[in-house]
Amino acid sequence: MRGVQGLGAAAVLPAALSIVMNMFPEGPERNKALGIWGAVGASGATFGVLAGGAITRYAGWPYIFYLNVVIGGAVLLVAPRVLPESKGVQDARRGYDVPGAVTVTGSLVLAVYAISQAPTVGWTAARTLVLLAIAAVLLATFVIVEARTEAPLLPLRLFRLKTLAGSNTVGFLLGASFYGYIFIGTLYMQQVLRYSAMTTGLAWLTVGLTGVVMAGPAQILVTKASVRLVMAIGMTVTASGILWATQVSAHGSFWADLTGPFFLTGAVTWVFIPVSIGALVGVTERDAGVASGLIDSSQQLGGAIGIAIASTVAATRSQGLLEHGHAAADALTGGFQQAFWVCGLIGLAAVPVALVLIRRQAPAPRPTPPDTARPTTPSATA
């Protein structure tokens, strides 16, 4: 059922982002729209952690899934009334790239599974090495398939757009860094500080509210300065907050150990917004859905791999400390500290990527070829 939910998200998020892209021309108007997009996303995340904590505390964790049913029903009622229909001209070459979907999915699933199981079976164990090797072969096969098929799942020509390629790389590193940080931070609060689900949700409000406040200035600075500058600043501040969290202690508190890091990592909207803008620069209406899906996939896949790496590092370090006679709280904290270091350094690695790969000034969008042009509509789905 979680897989089915993932399929739904894979349809909704690219379609929604491509609608925003096609409703607003590239430039200040789109930047402002994506600034609102970022603020709404941060608000949703803030509401989600708070609602999840409250439902878990007072009703039980299985009931968190019913919240999605209510929200989904509301969207089904509202969307037809606020979003005009859009149907492009059918392209005879369009189809579903089954070999591409199977190879890329298989590669990523095997890689994440191998990393997550490495603390148990060993990093040099035959199973770990074989799974990683198969994942690499499947990924290489995916690239070959995409280069040769007539209707690829991911047209490799999109990576000729330097800003798009750079934005997706930063998005991947952002997902690996920030999602790993959220996962490890939640474990620290619940396993070491003994916070309830409700208290943990309230603590994460610091990050969400800061992100909402900073979303507006982010889109203004992108317009007045540049995508890569705001992206680099946001990633630097976010990574600094994560590295600050390496100082947490086994007998810490929210105000002493977490408030500062949480406020700094609220600057993550200064990365999400320019990454979304950069990932759509120079993209034609025909490729809007693919480009929107690509940036979302980059962040989500980065998050999956980042969480696997961070949890592996934390578990390995904690187990080692326990074997050397450290108390449980100290051992857990030591593992979480090391995982924060990994997440923070991954975040810092995105800074030079942004400065090198993102163009100083975005190019104008390429015209849509006449034979694949769609009628001009207020929106376009993936």
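Me: In this predicted model, which side chain of opposite charge is nearest to the buried Asp-257, and how far away is it?
Reply: Asp-257 lies in helix α9, and although this residue is buried, it has no salt bridge. A salt bridge would need a side-chain nitrogen of Lys or Arg within 4 Å of a carboxyl oxygen. The nearest side chain of opposite charge does not come within that cut-off, since it belongs to Arg-194, at 15 Å.

Me: Which backbone nitrogen does the side chain of Asp-257 reach, and at what distance?
Reply: Leaving aside neighbours within four places in sequence, Asp-257 is in contact with several residues, among them Tyr-188, Gln-247 and Gly-252. Ser-249 also belongs to these contacts, and the backbone nitrogen that the side chain of Asp-257 reaches is that of Ser-249, at 3.1 Å.

Me: How far apart in sequence are the parts that the pair of Tyr-181 and Phe-262 ties together?
Reply: Tyr-181 and Phe-262 form an edge-to-face aromatic pair, with 6.3 Å from centre to centre and 90° between the planes. Because Tyr-181 lies in helix α6 (residues 162–192) and Phe-262 in helix α9 (residues 254–265), the pair ties together parts whose separation in sequence is 81 residues.

Me: Are Tyr-181 and Phe-262 buried or exposed?
Reply: Residues count as buried when their relative accessible area is under 20%. Tyr-181 has a relative accessible area of 1%, while the value for Phe-262 is 2%, so Tyr-181 and Phe-262 are each buried.

Me: How is the aromatic pair of Tyr-63 and Tyr-66 classed?
Reply: The structure holds eleven aromatic pairs, and one of them joins Tyr-63, which is partly exposed at 47% relative accessibility, to Tyr-66, which is exposed at 53%. The centres of these two rings lie 5.8 Å apart, with 35° between the planes. Planes under 30 degrees apart would count as stacked and those over 60 as edge-to-face, so the pair of Tyr-63 and Tyr-66 is classed as tilted.

Me: What is the distance between the end C-alpha atoms of helix α8, set beside its expected span?
Reply: Helix α8 covers residues 227–244, which is 18 residues, and at 1.5 Å a residue it should span 26 Å. The distance found between its end C-alpha atoms agrees with that expectation, being 26 Å.

Me: Which helices do the buried residues of α8 pack against?
Reply: The buried residues of α8 include Val-230, Met-231, Met-235, Ile-242 and Leu-243, and Arg-228 is also one of them. The helices that the buried residues of α8 pack against are α6, α7 (197–224), α9, α10 (269–278) and α12 (328–357).

Conventions: Residues are numbered from 1 along each chain as its sequence is written. This is a predicted model: local features need pLDDT of at least 70, side-chain atom pairs count only at pLDDT 80 or more; totals for chains, interfaces and linings use all residues. Side-chain values use heavy atoms; hydrogens and water are left out. Rings of Phe, Tyr and Trp (its six-membered ring) pair if their centres lie within 6.5 Å; planes under 30 degrees apart count as stacked, over 60 as edge-to-face and the rest as tilted. Buried means under 20% relative accessible area, exposed over 50%, partly exposed in between (1.4 Å probe, protein chains only). Helices (H or I, at least four residues) and strands (E, at least two) are DSSP runs, numbered from the N terminus. The expected span of a helix is 1.5 Å times one less than its number of residues. Contact means heavy atoms within 4.5 Å. Lys and Arg count as positive and Asp and Glu as negative; His and the chain ends are not counted. A polar contact is a pair of N or O atoms within 3.5 Å; within protein, one must be able to donate a hydrogen and the other to accept it, and residues adjacent in sequence count only if both atoms are side-chain atoms.
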